Amino acid sequence: SGIGNGATALSAISIGKKDTSSFHSLAKNAIFLSIILGIIIPIITPFFLPFLFNLAGAEGDVLSIGLEYTTMILYGSVFFILNFVFNGLLNSQGDSKPFRNYLIIGFFLNLILDPLFIFGWFGLPELGATGIALATVFVQFMGTVYLGYKVYKSTLFDKDTFKKTRLSLTTNKDILKQGIPSSLNSATIAIGVFIINYFVLQYGGSETIAAYGASMRIEQMALLPTIGISVAVLSIVGQNFGSNNIERIIEARKKGIKYGVIIMLIGTVIIVPFAPLFIKIFDTNPDVVAAGTLYLRIEAIAFTTYIFLNINVSVLQGIKKPGFAVWIGLYRQLLPFALFYFLGTTLGLGIYGVWWGIVIINWSAVVISTIYTKKQLEIVRLECKQKRE
């Protein structure tokens with residue numbers, strides 16, 4: 001994901017500069033990095049995967065099935081990474097439709113392939129959980145072929161220029177400089193889930209854990225538009241940063257936030273009254289439904305924060321200031337240690353302390369990220385003015 005974001009930002013900047021040679025160099029080096037990582041991840045998987053499952057409290061059949069599934073998924077890492085890169089190269093050109101098409105087709109392919117591999121239909125071996133993962137990896141492989149072809153046929157791509165470009169240590173460093181902060185930001189989110197689960201288990205028990213898991217799925221569905229808008233903003237900001245058009249960068253940020261907030265408010269209006277019905281899709285246990293409803297109705301106050309945070313991070317990536325994503329990620333995921341304990345234990349709020357803690361952390365992160373982003377945009381404004389003069 002990080003390398004894909006790096007490819008999007010840097011490619012968009014190259015397009016804004018009308019530097020097609022740089023665009024092709026980024027493409028070749030990003031593909032190279034993807035293949036290298038796709039080789040490394042399966043090799044190191046056995047060394048870290050059991051530890052992570054044990055850390056999450058998995059044991060017995062849960063541990064066994066989890067390891068089977070995740071090991072196969074990570075063996076297919078190269079296809080996941082290449083898909084992020086190819087999508088990034090397309091997004092930088094303003095073409096998001098191929099990835100949409102792939103996701104839709106992939107969804108239906110999974111519906112067919114999952115039971116085929118799980119139960120061993122038509123003489124195939126019965127693979128169980130490994131079959132689900134294998135189906136996903138196969139769909140990712142098909143996506144790599146399709147998205148790679150769309151990049152090859154895209155307006156900016158020229159095979160002769162691509163062949164002439166060389167692998168460059170400098171270009172690889174640039175991609176990693178953009179990509180690593182984004183990757184670390186994603187990693188902090190994953191760490192944050194561990195932290196939240198820990199406190200939820202302390203204050204709420206297994207039913208609340210189940211409720212949180214179901215609620216997260218609903219929340220992620222509601223947040224999908226914020227991801228699309230932030231990717232669009234990243235592409236537009238990158239192109240205009242490359243062409244020194246600061247006014248368009250500011251306009252893209254404002255409109256992205258405006259449209260995102262409207263969409264999230266609509267989502268909030270839908271989710272809050274119908275929260276129990278949504279939870280029942282995943283679990284009909286009355287205790288789980290009650291706990292999930294409570295979480296969603298409190299978390300709804302923070303729904304719009306994700307659009308501010310995602311777009312601010314995208315703007316900073318587009319102006320080649322990606323490092324802030326790591327710090328705001330650490331702030332959002334490490335502060336809970338103190339805040340959840342203070343609210344949940346010191347003030348005696350229990351699970352309410354966790355849910356309200358998430359709201360407080362997110363809104364404070366919005367304030368911090370907005371102040372920082374506006375400050376960096378002012379710096380870019382002065383730099384653009386100097387370049388014009």
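## Burial and the pair of Tyr212 and Tyr295

A residue counts as buried when its relative accessible area is under 20%. In this predicted model, Tyr295 has a relative accessible area of 2% and is therefore buried. Tyr212, at 4% relative accessibility, is likewise classed as buried.

The rings of these two residues, Tyr212 and Tyr295, form an aromatic pair in the edge-to-face arrangement, with 5.5 Å from centre to centre and 90° between the planes. Because Tyr212 belongs to helix α9 and Tyr295 to helix α11 (residues 286-299), the pair ties together parts of the chain that are 83 residues apart in sequence.

## The surroundings of Glu219

Helix α9, which spans residues 206-242, also contains Glu219. This acidic residue is buried yet has no salt bridge. Arg332 provides the nearest side chain of opposite charge, and it is 7.5 Å away from Glu219. For a salt bridge, a side-chain nitrogen of Lys or Arg would have to be within 4 Å of a carboxyl oxygen.

The side chain of Glu219 does make a polar contact, at 3.2 Å, with the side chain of Tyr306. When neighbours within four places in sequence are left aside, the residues in contact with Glu219 are Tyr295, Glu299, Phe303 and Tyr306. Tyr295, one of these contacts, is also the ring partner of Tyr212.

## Other aromatic arrangements

The structure holds 15 aromatic pairs. In one of them, Phe79 and Phe141 have ring centres 5.4 Å apart and planes at 70°, so the pair is edge-to-face. This pair links distant parts of the chain, with Phe79 in helix α4 (residues 77-91) and Phe141 in helix α6 (residues 129-152), 62 residues apart. Both rings have intermediate accessibility: Phe79 is partly exposed, with a relative accessible area of 23%, and Phe141 is partly exposed, with a value of 34%.

Ring pairs also join Tyr198, Phe199, Tyr203, Phe337 and Phe340 into a cluster. A contact of another kind involves Lys28, which lies over the face of Phe162 at 5.0 Å from the ring centre.

## Salt bridges

Four salt bridges are present in the structure. One of them joins the side chains of Arg381 and Glu247, with an N to O distance of 2.7 Å. It connects distant parts of the chain, since Arg381 lies in helix α14 (residues 351-388) and Glu247 in helix α10 (residues 246-282), 134 residues apart. Arg381 is partly exposed at 28% relative accessibility, and Glu247 is partly exposed with a relative accessible area of 45%.

Arg381 also meets the side chain of Glu378 in a salt bridge of 3.5 Å, N to O. These two residues are three residues apart in helix α14, so about one helical turn separates Arg381 from Glu378. Glu378 counts as partly exposed at 43% relative accessibility. Together, Glu247, Glu378 and Arg381 are linked in a network of salt bridges.

A further salt bridge is found between Arg248 and Glu251, whose closest N and O atoms are 4.0 Å apart. Both residues lie in helix α10, three residues apart, which corresponds to about one turn of the helix. Arg248 is partly exposed, with a relative accessible area of 39%, and Glu251 is partly exposed, with a relative accessible area of 32%.

Notes:
Residues numbered from 1 in each chain as written. Predicted model: local features only at pLDDT ≥ 70, side-chain atom pairs only at ≥ 80, totals over all residues. Heavy atoms only, no water. Helix = DSSP H or I, 4+ residues; strand = E, 2+ residues; numbered from the N terminus. Buried < 20%, exposed > 50% of the residue type's maximum accessible area, 1.4 Å probe, protein only. Lys, Arg positive; Asp, Glu negative; His and termini not counted. Polar contact = N/O pair within 3.5 Å; in protein donor to acceptor, adjacent residues only side chain to side chain. Contact = heavy atoms within 4.5 Å. Phe/Tyr/Trp six-rings, centres within 6.5 Å; stacked < 30°, edge-to-face > 60°. Lys NZ or Arg CZ within 6 Å of the ring centre and 35° of its normal.
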